[in-house]
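Me: I've got a fold here that I'd like to talk through, pockets and all. Can you take my questions one at a time?

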Amino acid sequence: MIEEIKTRRSIRRYKQCEIPTEAIHKIVQAARLAPSGKNKQPWKFIVYGGDAKQELLTKMKDGIKRELSGQAILPKSSYGLPDAENTLRIMLQAPTLAVVINPYGKSPFEKITVDERVTEIVDSLSIGAAIQNMLLEAERLRIGTLWIGNTFFAYPELVEFIKEPGQLVGAIAMGYADEKPNERPRKRLEDILEYRC
């Protein structure tokens, strides 16, 4: 698995080849096996392709337009809108999208208690582990992926379209890579590791 950790890249250009259903099952099976706080397994993956994917991304486009039109729900994050537009372009090109839902979560625009916030953090850690498993299994299968958080700019539009209870966490674009990005710079081990014995 260390080889997949080393070679995995965020892919932003895809070939127009469909991913076999069997490969998608293997990728989601890897997510299913991830550790989770209290074994809660706070995840659901909804896979979109074809016309359904186009409809979903029309809603994302609507949300980005709303943010740009002065009706922003994330006004302090507007600096990220050009990146969200680029992400939408990538999502449109990728043959397959997996939307990630926390069935136990609440909208990030709802007020929650401190106890609920702690639960949300634990769920988010668990979901992150599941997504990382997906990315590494996809890499093993030679399928490119991009982990997407820019769905938040179109949160209400996407949630209304998806019609699934819980919290929309993000999405993963999947497809056969049409690029081979170089390794990105990483912080040095001595800059991120500290021992206190």
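**Pockets, sheet and helices**

Reply: Sure, and let's begin with a pocket; bear in mind that this is a predicted model. In the second largest pocket, helix 1 and helix 5 each supply at least two residues of the lining.

Me: Which residues lie nearest the centre of that second largest pocket?

Reply: The second largest pocket holds about 320 Å³ of space, and its lining has three nonpolar, three polar and eight charged residues. That lining is made up of 14 residues, and those nearest the centre are R8, R9, S10, R184 and R186.

Me: And the largest pocket, how many charged residues are in its lining?

Reply: The largest pocket has about 450 Å³ of space. Its lining takes in 19 residues, with T7, E139, R142, A177 and K180 nearest the centre. Helix 1 (2–7), helix 5 and strand 3 each supply at least two of the lining residues. Split by class, the lining has six nonpolar residues, three polar ones and, to get to your number, 10 charged.

Me: Now the sheet. In what order do the four strands sit?

Reply: The sheet is an open one, and its pairing is antiparallel. From one strand to the next, the twist averages 20°. Reading across the sheet, the order is 1-2-4-3.

Me: Why do strand 1 and strand 3 each have one side without a neighbour in the sheet?

Reply: In the order 1-2-4-3, strand 1 and strand 3 come at the ends. Strand 1 (44–49) and strand 3 (144–148) each have a single partner strand, so one side of each is left without a neighbour, and the place where they stand is the edges.

Me: Which residue of strand 2 is the bridge partner of K44?

Reply: Strand 1 and strand 2 (residues 96–102) run antiparallel and are joined by six bridges. K44 has its bridge partner in strand 2, and that residue is I101.

Me: What angle does helix 5 make with strand 3?

Reply: Helix 5 (residues 114–140) packs on the sheet and touches strand 1, strand 2, strand 3 and strand 4 (167–175). Comparing its direction with that of strand 3 gives about 165°.

Me: What about helix 3, at what angle does it run to strand 1?

Reply: Helix 3 covers residues 50–68 and lies across strand 1 and strand 2. Its angle to strand 1 is about 105°.

Me: How far apart are the axes of helix 2 and helix 5?

Reply: Two packed helices are described by an angle between axes and a distance between axes, so we want both. For helix 2 (residues 21–32) and helix 5 the angle is about 145°. The crossing is right-handed, and the axes are apart by 7 Å.

Me: Which residues of helix 5 make the contact with helix 2?

Reply: By class, the residues of this contact divide into seven nonpolar, one polar and three charged. Helix 2 brings K26, I27, V28, A30 and A31, while helix 5 brings A130, N133, M134, E137, A138 and R140.

Me: Last one: which helix gives the most to the lining of the largest cavity?

Reply: The structure holds one cavity of 30 Å³ or more, and about 40 Å³ of space lies in the largest cavity. Among the residues lining it are L56, L57, M60, V99 and T151, and by class the lining has nine nonpolar, one polar and no charged residues. Helix 3, helix 6 (155–162) and strand 4 each supply at least two lining residues. With three residues, the one that gives the most is helix 3.

How values were computed. Residues numbered from 1 in each chain as written. Predicted model: local features only at pLDDT ≥ 70, side-chain atom pairs only at ≥ 80, totals over all residues. Heavy atoms only, no water. Pairing = 2+ DSSP bridges. Axes fitted to C-alpha atoms, helices over the stretch in contact; angles between N-to-C directions. Contact = heavy atoms within 4.5 Å. Left-handed = near helix turned anticlockwise from the far one by under 90°. Nonpolar A, V, L, I, M, F, W, Y, C, P; charged D, E, K, R; others polar. 1 Å grid on protein atoms, 1.4 Å probe; cavity = no way out; pocket = protein on both sides within 12 Å on 5 of 7 lines; lining within 4 Å. Points joined across faces, edges and corners; volume = space filled by probe spheres on them.
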